[in-house]
Amino acid sequence: MPLSDAQYHALAGQTLARIEATLDAWLQDDVIDIDSQRTGGLLELSLPGGSKIVINTQPPLHELWLAARGGGYHFKRVDEAWRDTKDGMEFFERLSREASAQAGQALTFSS
């Protein structure tokens with residue numbers, strides 16, 4: 001069953017907030033300093049070394065988009081998780097892989 005607009009906005013907002021909470025915990029625990037800037041449904045992560053990862057909500061499509069050095073990815077909500085529309089990879093797994101590659105150290109985001 002497709003998401004309603006309200007469900008989409010709630011789930012997308014929770015996802016962005018979860019990422020921000022993870023970044024705050026890493027900063028507090030001195031794991032890594034990743035700056036973030038959120039404007040509405042767009043969250044930009046600035047990693048050490050100057051690279052960026054951008055997560056953007058796409059309300060008309062009910063998708064989340066992730067842009068990183070490794071490519072651009074689109075995610076739809078499937079079975080309680082955001083899944084890549086091409087290969088089915090879960091959003092936080094993809095974000096963890098991309099962030100780890102760009103940061104040069106293992107980083108794990110979780111839902």
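Helices (H or I, at least four residues) and strands (E, at least two) are taken here as DSSP runs, numbered from the N terminus. The model is a predicted one, so local features need pLDDT of at least 70 and side-chain atom pairs count only at pLDDT 80 or more, while totals for chains, interfaces and linings use all residues. Residues are numbered from 1 along each chain as its sequence is written, and side-chain values use heavy atoms, with hydrogens and water left out.

The loop that joins α1 to β1 is a handy place to start. V31 sits in this loop and counts as partly exposed because its relative accessible area is 37%; the cut-offs are under 20% for buried and over 50% for exposed, with partly exposed in between (1.4 Å probe, protein chains only). Leaving aside residues up to four places away in sequence, V31 touches W26, Q105 and L107, where contact means heavy atoms within 4.5 Å. V31 and Q105 are 74 residues apart in sequence, yet 9.8 Å separates them in space, C-alpha to C-alpha.

D30 belongs to that loop too, between α1 (5-28) and β1 (35-39). Its phi is near 60°, a positive value in a residue other than glycine. Most residues other than glycine have a negative phi. H62 is another non-glycine residue with a positive phi, of about 55°, and lies in the loop between β3 (52-58) and β4 (63-68). As for surroundings, D30 is exposed because its relative accessibility is 69%, whereas H62 is buried because its value is 15%.

H62 also turns up in the lining of the largest pocket, along with M1, P2, L3, L11, K76, R77, V78, D79 and E80. On a 1 Å grid over the protein atoms alone, a pocket is an open set of points where a 1.4 Å probe fits, with protein on both sides within 12 Å along at least five of seven lines, and lining residues have an atom within 4 Å of a point. The volume comes to about 200 Å³, volume being the space filled by probe spheres set on the points, with grid points joined across faces, edges and corners. Strand β5 (residues 71-78) gives the most to this lining, with three residues. By class, the lining holds five nonpolar, one polar and four charged residues; Ala, Val, Leu, Ile, Met, Phe, Trp, Tyr, Cys and Pro count as nonpolar, Asp, Glu, Lys and Arg as charged, and the others, Gly among them, as polar.

The second largest pocket has a volume of about 150 Å³. Its lining includes L11, R77 and E80, as well as W82, F92 and S111. The largest share, four residues, comes from α1, and β6 (81-84) supplies at least two. Four nonpolar, three polar and four charged residues make up this lining.

Helix α1 also packs against α2, at an angle of about 35° and with the axes 12 Å apart. Axes are lines fitted to C-alpha atoms, for helices over the stretch in contact, and angles run from 0 to 180 degrees between N-to-C directions. From α1, T15, R18 and I19 meet F91, F92 and L95 of α2. This contact has four nonpolar, one polar and one charged residues.

Further along, R97 lies in helix α2 (residues 91-103) and counts as partly exposed because its relative accessibility is 48%. R97 and F109 are 12 residues apart in sequence and 9.2 Å apart in space, C-alpha to C-alpha.
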